[in-house]
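Let's take a friendly walk through one protein model. Have a look at it first, and then we will explore some of its helices and a pocket together.

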Amino acid sequence: MGLGRYVIQSSLRLTAVNPKSDQLNLTPIYLGFGHITVAYIATNFVNPTATSYFQGLLRNNSADYLAGVATWADSVRYMKWAQFTGPFHFIDAKDSPPSSCTVDYDRDCKKEGCVVSAIRNYTERLMDPQLRPWERAQAAKFVIHFLGDIHQPLHDEDVARGGN
């Protein structure tokens, strides 16, 4: 039994194709391609000082230092210690696309938090010299991931449970 074929769709969504019927399996297989791609692109826009800081903090001097941790927050979000981060991966904008595409922080961010509050919080932690290096590294991993999340359209709409 083979894996079949895969079709790459918009937003780097990978969808399985049943090799016997040639019908699309509409269940997407994300595999983190979106996050990894955003991280690779972002690497080209990071200034040398920030590159050095992140590479040292993440203990990775390769060109893949952002992409290597881009999916980390998704891999830990269901672990007991990180379950509180679930709401941080999206914001449910209660707007009316395509006539109105807006985010109102007070209206759309849940009391537990959202991707916007998480980016702010973990950026502050990332830059806090009072925190231990492993805590700043963890914050960096969250920031890298959440910056990818906020650029995924379904993570910013109240359409499909945050696209998560």
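In which helix does glutamine 55 lie? Glutamine 55 lies in helix α2; helices here are DSSP runs of H or I with at least four residues, numbered from the N terminus.

A word on the source: this is a predicted model, in which local features need pLDDT of at least 70 and side-chain atom pairs count only at pLDDT 80 or more, while totals for chains, interfaces and linings use all residues. Residues are numbered from 1 along each chain as its sequence is written, and side-chain values use heavy atoms, with hydrogens and water left out.

**Helix α2 and its two sides**

Helix α2 spans residues 48–58, and its buried residues are Thr51, Phe54, Gln55, Leu57 and Leu58. Buried means under 20% relative accessible area, exposed over 50%, and partly exposed in between, with a 1.4 Å probe and protein chains only. These buried residues cover an arc of only 165° around the axis, so they sit on the same side of α2; the arc is taken from the directions from the helix axis to the C-beta atoms. Pro48 and Thr49, on the other side of α2, are exposed.

What do the buried residues of α2 pack against? They pack against α5 (115–126) and α6 (133–149). In α1 (33–43), the buried residues are Gly34, His35, Ala39 and Thr43, and they pack against α3 (72–76) and α6.

At the N-terminal end of α2, asparagine 47 acts as a cap, with a side-chain oxygen 3.0 Å from the backbone nitrogen of threonine 49. Just after α2, arginine 59 has a positive phi of about 55°.

**Two buried residues**

Here are two residues to find in the model.

| Residue | Place | Relative accessibility |
|---|---|---|
| Glutamine 55 | helix α2 | 14% |
| Histidine 89 | loop between α3 and α4 (105–108) | 0% |

Leaving aside neighbours within four places in sequence, glutamine 55 is in contact (heavy atoms within 4.5 Å) with Asn60, Asn61, Ser62 and Tyr65. The side chain of histidine 89 makes a polar contact with the side chain of aspartate 149, at 3.0 Å.

**Lining of a pocket**

Phe54 of α2 turns up again in the second largest pocket, where Phe54, Leu66, Val143, Ile144 and Leu147 lie nearest the centre among 16 lining residues. Helices α1, α2, α5 and α6 each supply at least two residues of this lining.

Key
A polar contact is a pair of N or O atoms within 3.5 Å; within protein, one must be able to donate a hydrogen and the other to accept it, and residues adjacent in sequence count only if both atoms are side-chain atoms. On a 1 Å grid over the protein atoms alone, a cavity is a set of points where a 1.4 Å probe fits but cannot get out, and a pocket is an open set with protein on both sides within 12 Å along at least five of seven lines; lining residues have an atom within 4 Å of a point.
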